[in-house]
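The following exercises concern helix packing, cavities and a pocket in one protein structure. Each task is followed by a solution in steps.

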Amino acid sequence: MSEQPSAPDAEVVQLCHELIRIDTTNDGTGTGPGERDAAEYIAGKLDEVGISCELFESEQRRTTLVAHWEPPGCDTGLPPLLVHGHTDVVPANAADWQVDPLAGEVRDGCVWGRGAVDMKDFDAMVLSVVRDRVRSGRPTRRPIRLVFTADEEAGGTLGATWLVQHHPDTVADCTEAIGEVGGFSLTIRDDLRLYLVQTAEKGLSWLKLIADGTAGHGSMRNHDNAVTELAAAVARIGAYQWPYRITSAQQAFLDAVSEALEIELDLDNVEETLSRLGSISRMVGATMGNTTNPTMLDAGYKVNVIPGQATAGVDGRVVPGGEEEFRTTMRELLGEKVRMEYVVHDPAVETEFAGDLVEAMQKSLLAEDSGARAVPYLMSGGTDGKAWSKLGVRCFGFAPLKLPPELDFVGMFHGIDERVPTESLEFGSRVLDHFLEMA
């Protein structure tokens, strides 16, 4: 392959458009047939530049791609850097959108569609940069392990977690990783943007609450009504205000915000201060402590029959170090007649915001934005990083995007009219290109 001039951002918009057009909807029911199509598309793009891939299937068409890329000139004595993204997306109701959510339409300076920010934007950035570095004959500093997973949007059971359980050798030699969600900008003023690098994420505690009672006729008095007991427990959980539990990543972020805004943060009034940051305050507020949100209720089959059992679903998120508090508090809130089972239970993960990889992030951002400052943060959601962490891999969220200050970026995740600016995609590709030179 003859060497070409470098242009790491040349293809990224088109690649993002094409990836969005592949329907990889994952509704959590165990089906996600489009993930196979996406994996084959990515494999084809890598094959065009001479990078071979392996496809692994946890179930039919639930496909995860792994590629070992050791470009000539990289230091093979260094452990590979794991660069990971997922191909599945959450469902989208087309009637709610301004555009077809699966069309990948480019308009008003943005690529629109389900997955535009979660996370086909980063998938496209990775492909654009890797393909360009091969074509221009520019090696990375170290070997790269590319992994594009299935099923992340349903907890990764059929994707990253399955890969770690059944094929740990595919990533076990990696010591560090980058993926979602981090590297996006928060504009403080014209000459200062904080780029939030995820160094920690809350644990997943998706719960099923179960209340057992005595079944009977709906016209009779019943003092052992499962619905009543469950409803009371759900109300207690929904109303409970979890106390602040400030982690090291959260404290570092709050310190950075305090310095950038030139104010002293009062923890008794911190959320009011954070509201000055715009929509990102919702994400930050959710990481000030554990959270529990009741999300599902199920009971009965006929209005005049009191059921013998009622169930509910609760989305629990637990900060690093908050597991014992979570279990103890939940037992108190449930009461004596309601029990809980874990549907998904993944502990929180956290790593230190330090080291050569972090320095490479800061330098790569500065190469494209003189006002950039990388800061750590704790993310409220979950990523495939939980799976890789089980093998001892240090995981960072670093999918760099320089965003317009007015864009409600947090609202784009799983939201209506999800979109990413084309300039942000191109910026991210250039930053990622610098990063792979130094990482």
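**Exercise 1.** Within what distance do the axes of α3 and α13 come, and at roughly what angle do they cross? Classify the arrangement and describe the contact.

*Solution.* The model is a predicted one.

Step 1. The axes of α3 and α13 come within 9 Å of each other, and the crossing angle is roughly 55°.

Step 2. Angles of 65 to 115 degrees count as roughly perpendicular and those under 35 degrees as roughly parallel. The angle of α3 and α13 is in neither range, and the two helices are therefore oblique to each other.

Step 3. The hand of the crossing of α3 and α13 is right-handed.

Step 4. On the α3 side, the contact is made by D121, F122, M125, V126, S128, V129 and R133; on the α13 side, by L425, G428, S429, L432, D433, L436 and E437. By class, these residues of the contact of α3 with α13 comprise 7 nonpolar, 3 polar and 4 charged.

**Exercise 2.** Determine how helix α1 is placed against α13, and list the residues through which they meet.

*Solution.*

Step 1. Helix α1 covers residues 12–20, and its axis is 9 Å from that of α13, at an angle of about 115°.

Step 2. The range for roughly perpendicular runs from 65 to 115 degrees; α1 and α13 are therefore roughly perpendicular to each other.

Step 3. This crossing of α1 and α13 is right-handed.

Step 4. From α1, the residues V12, V13 and C16 take part, and they meet T422, L425, E426 and S429 of α13. The contact of α1 with α13 contains 4 nonpolar, 2 polar and 1 charged residues.

Step 5. Compare the two residue lists of α13: L425 and S429 appear in the contact with α1 and also in the contact with α3.

**Exercise 3.** How many cavities of 30 Å³ or more does the count give? Characterise the lining of each.

*Solution.*

Step 1. The count gives 2 cavities of 30 Å³ or more.

Step 2. The largest cavity holds about 90 Å³ of space. Its lining consists of V117, M119, D121, F122, E180, V181, G182, F184, A399, L401, F409 and F413. Sorted by class, the lining of the largest cavity has 9 nonpolar, 1 polar and 2 charged residues.

Step 3. The second largest cavity holds about 40 Å³. Its lining is formed by V83, V126, V129, V130, I144, L146, L432 and L436, which divide into 8 nonpolar, no polar and no charged residues.

Step 4. At least two lining residues of the second largest cavity come from each of α3 (120–135), β6 (144–149) and α13 (422–438). Helix α3 gives the most, with 3 residues.

Step 5. Relate this to Exercise 1: V126, V129, L432 and L436 line the second largest cavity, and these residues also belong to the contact of α3 with α13.

**Exercise 4.** Which strands each supply at least two residues of the lining of the second largest pocket? Give the volume and the composition of the lining as well.

*Solution.*

Step 1. The second largest pocket has about 430 Å³ of space. It is lined by 19 residues, of which G285, A286, N290, T291 and T292 are the closest to its centre.

Step 2. The strands are β12 (291–299) and β14 (309–318). The largest share, 3 residues, is from β12.

Step 3. By class, the lining of the second largest pocket has 6 nonpolar, 9 polar and 4 charged residues.

Conventions. Residues numbered from 1 in each chain as written. Predicted model: local features only at pLDDT ≥ 70, side-chain atom pairs only at ≥ 80, totals over all residues. Heavy atoms only, no water. 1 Å grid on protein atoms, 1.4 Å probe; cavity = no way out; pocket = protein on both sides within 12 Å on 5 of 7 lines; lining within 4 Å. Points joined across faces, edges and corners; volume = space filled by probe spheres on them. Nonpolar A, V, L, I, M, F, W, Y, C, P; charged D, E, K, R; others polar. Helix = DSSP H or I, 4+ residues; strand = E, 2+ residues; numbered from the N terminus. Axes fitted to C-alpha atoms, helices over the stretch in contact; angles between N-to-C directions. Parallel < 35°, antiparallel > 145°, perpendicular 65-115°, else oblique. Left-handed = near helix turned anticlockwise from the far one by under 90°. Contact = heavy atoms within 4.5 Å.
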